[in-house]
Amino acid sequence: MTQHIKAAFLTGHELLAGFVANQANIDRIDAVAQAMVTCFESGRKVIICGNGGSSCDAMHFAEEFTGRFRKNRKPLPVIALSDSSHITCVGNDYGFEAIFSRGVEAYGKAGDMFIGLSTS
């Protein structure tokens, strides 16, 4: 079992090292971060979502902005479209394909930023 655990960590380490070595990945992350800064400085918010496990990632992402991430600072407006009542209501009334668009229509304003996550 310990060999499987070690192999899993080594695989993760190799994948992360490869990701960081690709400058295009760093540039994309920087561009998104800069867009978020502009959004917040303009008094706008970020709306984020994802399916399945990515929904959990979206919730965690949002809460790092409304909570504390690495240092004390003012909370930043990030909303995860992950409420189970919303998902089942809209899925039932309009279909699964409308779940996130209805949330964006309800909460989004011009100048807000939308992020859709997929870890698949």
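A residue counts as buried when its relative accessible area is under 20%. With that cut-off in mind, the tour may begin; the structure on display is a predicted model.

**First stop: Ser82.** Select Ser82, which is located in the loop that joins strand 2 (78-80) to helix 4 (84-94). Ser82 has a relative accessibility of 18% and therefore counts as buried. Display its surroundings next: leaving out residues up to four places away in sequence, Ser82 touches Ser55, Met59 and Ile87.

**Second stop: the sheet.** Select the strands. There are 3 of them in an open sheet, ordered 2-1-3, and their pairing is parallel. Strand 2 and strand 3 (113-117) are the edge strands, each pairing on one side only. On average, neighbouring strands of this sheet are turned by 20 degrees against each other, direction ignored. Now restrict the selection to strand 1 (residues 46-50) and strand 3, which are paired in the parallel sense over 5 bridges. To view one such pair, select Val46 together with Met113, its bridge partner in strand 3.

Add helix 2 (residues 23-41) to the view. Helix 2 packs on the sheet, where it touches strand 1, strand 2 and strand 3. The direction of helix 2 makes about 140 degrees with that of strand 3.

**Third stop: the nonpolar cores.** Nonpolar side chains tend to be buried together in soluble globular proteins. Here, the largest nonpolar core comprises 13 residues. Select Met36, Phe40, Val46, Ile48 and Val78, the members with the most contacts inside this core. At least two residues of the core come from each of helix 2, strand 1, helix 3 (53-66), strand 2 and strand 3.

Which residues does Met36 contact, leaving aside its neighbours within four places in sequence? They are Val46, Phe61, Phe65, Met113 and Ile115. Another core, of 7 residues, lies apart from the largest one; to locate this second core, select Ile47, Val90, Ile99 and Phe100, which are among its members.

**Last stop: the largest pocket.** Show the surface and turn to the largest pocket, which holds about 230 Å³ of space. Its lining is selected as Ala33, Met36, Val37, Phe40, Phe61, Glu64, Phe65, Phe69 and Leu76. Which helix gives the most to this lining? Helix 2 does, with 4 residues. Helix 2 and helix 3 each supply at least two residues of the lining. Met36 and Phe40, already selected in the largest nonpolar core, appear again in the lining of this pocket.

Technical notes: Residues are numbered from 1 along each chain as its sequence is written. This is a predicted model: local features need pLDDT of at least 70, side-chain atom pairs count only at pLDDT 80 or more; totals for chains, interfaces and linings use all residues. Side-chain values use heavy atoms; hydrogens and water are left out. Buried means under 20% relative accessible area, exposed over 50%, partly exposed in between (1.4 Å probe, protein chains only). Contact means heavy atoms within 4.5 Å. Two strands pair if DSSP finds at least two bridges between them. Axes are lines fitted to C-alpha atoms, for helices over the stretch in contact, and angles run from 0 to 180 degrees between N-to-C directions. A nonpolar core is a set of buried Ala, Val, Leu, Ile, Met, Phe, Trp, Tyr and Cys residues joined through side-chain atoms within 4.5 Å. On a 1 Å grid over the protein atoms alone, a cavity is a set of points where a 1.4 Å probe fits but cannot get out, and a pocket is an open set with protein on both sides within 12 Å along at least five of seven lines; lining residues have an atom within 4 Å of a point. Grid points are joined across faces, edges and corners, and a volume is the space filled by probe spheres set on the points.
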